[in-house]
Structures are given as structure tokens and as C-alpha cells.
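This report describes the helices of one protein chain, the spaces between them and a few single residues. Please keep the sequence and the model at hand while reading.

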Amino acid sequence: MRDVRRAGTAASLPPAVLMAVAAGLVTLALGIYARHAKPSILDTPLIGHGTRSFYLIALVAVVGIGWQAHRFFDRPIRGYTPYPPLATAGILPAMIVLASALLVGRYHTAPIVVMAAVLAATGAYAALSIRDVIDSGDTGDQPVLLIHVGLSLVVVFVNVALLLQFQARLLFLAPTIFVVTALLLLQVHDGVPTYPVRRQAYALVGALIAAEVVWPLTYWPPLGWWSGAVVASVVTGYALVTRANLMRRLTGVAAAQYAGLTAALLVFVVVMSR
């Protein structure tokens with residue numbers, strides 16, 4: 001099915017290019033609308049009357065981009081495989097568009113709108129171009145898989161940091177950050193041979209940790225980008241540890257190194273936020 005779709009688009013543009021153009025145009029359209037609607041951080045997305053229409057349209061766009069990426073890049077499972085892959089190809093492009101929508105909703109100036117559109121397009125293209133390596137089944141030490149992990153963690157940071165800038169209650173922030181983090185952690189280990197249930201369990205536990213970290217951060221004065229960096233640091237350490245464990249390479253020394261990296265990131269964020 002995937003080969004048929006790719007053959008159908010080969011005469012024009014590769015699917016990754018099409019999805020990148022779509023992500024950029026969607027972000028540009030959302031940015032133009034945001035400049036007109038002027039959503040405020042004082043209104044909770046999807047709940048506040050002043051921002052409901054903008055974020056509802058953005059949510060539809062996010063789901064649409066994710067669904068189309070899934071149709072293009074998630075190939076059906078045929079025959080027996082000990083480690084069946086998860087249908088996660090649409091998650092990262094969708095979360096990139098979500099981050100771009102939150103960015104133009106927060107800073108709806110012309111330069112930011114253009115920058116967000118460019119970043120959405122390049123990010124979606126990078127995320128989908130990596131799928132060929134992930135789907136190849138060659139799960140050795142592929143540097144491109146580490147790029148996939150890094151891109152996913154950057155998207156976690158941007159989404160969480162922008163969500164924390166809204167003057168919303170914890171009742172909204174915690175579940176929203178839980179869902180975003182769970183989805184991104186679910187696909188961050190694509191290409192690692194393991195049982196899907198293990199990846200799903202790790203994603204849920206990591207998302208729960210991220211949501212728990214948000215609670216004390218709501219009392220920290222530099223709420224926003226710095227608070228998002230704290231959550232992203234914790235998620236980074238968690239993702240590295242779980243990846244090493246799934247690949248059966250987690251040792252005491254490696255765990256100590258990842259813990260030290262996480263601690264160093266947290267110290268850096270705290271110091272720089274003063």
C-alpha cells in the first residue's frame with residue numbers, strides 16, 4: 001500500500017516534500033489568522049472564548065497533518081515479526097505543527113509567522129525523511145536515529161515551554177503536557193527492536209513524570225521557556241535511559257552518565273534563568 005502511494009506521487013513530488021510544504025502552508029495560514037484574531041496567553045486554548053476558534057482550527061490542522069503522514073509512511077505489517085512496529089509516523093510531524101501553531105499563537109508578529117512556517121516545513125521534512133532508515137529494519141548505530149531522538153526532544157521542549165506560558169490552570173496544563181509528551185515518547189524509540197507494549201509503558205511513565213514535574217514549576221517565577229527547559233531536561237534523561245534499556249545496553253556507568261547529563265542540564269537552566 002505504501003509503495004502504491006509513493007508510486008502515485010513520484011511523478012510530482014516525494015511524500016516527504018509534499019508533507020513539508022503542507023506543514024509550512026498550514027503554519028503560515030494559522031499565523032495570518034493569528035495576526036487577525038490576536039489570541040492572548042490570558043485565555044486557555046480551546047477553552048477561553050477569545051482563542052477557541054484559532055486553536056480549534058489549529059487542532060484540526062494538527063490531526064490532518066498527522067493522519068496524512070500516517071497514510072503515506074506507516075506501512076502495513078505483513079507476515080510474522082517478533083517486534084511489530086508501531087504506527088507512529090504521523091506523530092512527530094503533527095507535534096511539529098502543534099508547536100508552530102502555539103508559537104504563532106503566542107508571538108503573532110510577521111517575522112515569527114514566517115520563521116514558524118519555515119521551521120514547520122523543514123522539521124516535517126526531516127522527521128519524514130528519517131522514516132526510510134527507521135523502516136529499513138537496520139537498527140544498528142545509525143546516526144540518523146539519534147537525529148530523530150534529538151528532533152523529538154526539541155519538539156517536546158517547544159511544546160511544553162509554550163503551553164506553560166498560558167495563564168491556564170494546572171487542571172488543563174498537566175493533562176495536555178501528559179498527552180503531548182506521551183505521544184512524542186511513544187515514537188522517540190522508533191527503529192529500536194522491542195515489544196510495542198514496552199514502548200507504550202515507557203511512554204506513559206515518562207509522560208506521567210513530565211506532568212508531575214509541571215506541578216512545582218507553576219510556582220516558579222520564570223514560567224515559560226525556562227520551565228519548559230526543565231521539563232525537557234528531565235524527559236531527555238528519561239528518553240536516553242529507556243533507549244539504552246530497550247537496546248539492552250544500559251549499565252550502571254551509562255545510567256550514571258545519563259543522570260549526570262540531566263543534572264547538568266537542570267543546573268544550567270536554573271543558573272541561566274536568574
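## Cavity, pocket and helix packing

By class, the residues that line the largest cavity comprise 4 nonpolar, 2 polar and 1 charged. The model in which this cavity is found is a predicted one. The lining is made by L185, V188, H189, R199, Y202, A203 and T242, and the volume of the largest cavity is about 30 Å³. With 3 residues, helix 9 gives the most to this lining, while helix 8 and helix 9 (196-217) each supply at least two of its residues. By the rule applied here, the count of cavities of 30 Å³ or more comes to 1. As general background, rolling a probe the size of a water molecule over the atoms shows where empty space is left.

The chain as a whole gives the setting for this cavity. Its secondary structure comes to 11 helices and 0 strands, and of the 274 residues of the protein chain, 46% count as buried. Among contacts between residues at least 6 apart in sequence, 75% join residues at least 24 apart.

Helix 8 also takes part in a helix pair. The axes of helix 8 (residues 170-188) and helix 10 (residues 225-246) come within 11 Å and cross at roughly 30°, and the crossing of these two helices is right-handed. On the side of helix 8 the residues in contact are T181, L185 and V188, which meet V235, Y238, A239 and R243 of helix 10. By class, this contact has 5 nonpolar, 1 polar and 1 charged residues. L185 and V188 thus appear in the contact with helix 10 and also in the lining of the largest cavity.

A further space is the second largest pocket, which holds about 530 Å³. Of the 26 residues that line the second largest pocket, L59, V62, V63, M95 and L98 lie nearest its centre. Helix 3 (52-73), helix 4 (91-106) and helix 8 each supply at least two residues of this lining, and helix 3 gives the most, with 8 residues. The lining of the second largest pocket divides into 20 nonpolar, 5 polar and 1 charged residues.

Helix 3 also holds H70. How far apart in space are H70 and A87, C-alpha to C-alpha? The two residues are 7.1 Å apart by that reckoning, although 17 residues separate them in sequence. Leaving aside its neighbours within four places in sequence, H70 is in contact with A87 and G90. H70 has a relative accessible area of 26%, and therefore counts as partly exposed, since that class lies between the cut-offs of 20% and 50%.

Two loop residues deserve a note on their backbone angles. Most residues other than glycine have a negative phi, whereas K38 has a positive value near 50° and R248 a positive value near 60°. The table sets out the two residues together.

| Residue | Phi | Place | Relative accessibility |
|---|---|---|---|
| K38 | near 50° | loop between helix 2 (15-37) and helix 3 | 56% |
| R248 | near 60° | loop between helix 10 and helix 11 (252-272) | 60% |

K38 counts as exposed because its relative accessibility is 56%, which is over the cut-off of 50%. R248, at 60% relative accessibility, therefore also counts as exposed.

Notes
Residues are numbered from 1 along each chain as its sequence is written. This is a predicted model: local features need pLDDT of at least 70, side-chain atom pairs count only at pLDDT 80 or more; totals for chains, interfaces and linings use all residues. Side-chain values use heavy atoms; hydrogens and water are left out. Axes are lines fitted to C-alpha atoms, for helices over the stretch in contact, and angles run from 0 to 180 degrees between N-to-C directions. Helices (H or I, at least four residues) and strands (E, at least two) are DSSP runs, numbered from the N terminus. A crossing is left-handed if the near helix is turned anticlockwise from the far one by less than a right angle, and right-handed if clockwise. Contact means heavy atoms within 4.5 Å. Ala, Val, Leu, Ile, Met, Phe, Trp, Tyr, Cys and Pro count as nonpolar, Asp, Glu, Lys and Arg as charged, and the others, Gly among them, as polar. On a 1 Å grid over the protein atoms alone, a cavity is a set of points where a 1.4 Å probe fits but cannot get out, and a pocket is an open set with protein on both sides within 12 Å along at least five of seven lines; lining residues have an atom within 4 Å of a point. Grid points are joined across faces, edges and corners, and a volume is the space filled by probe spheres set on the points. Buried means under 20% relative accessible area, exposed over 50%, partly exposed in between (1.4 Å probe, protein chains only).
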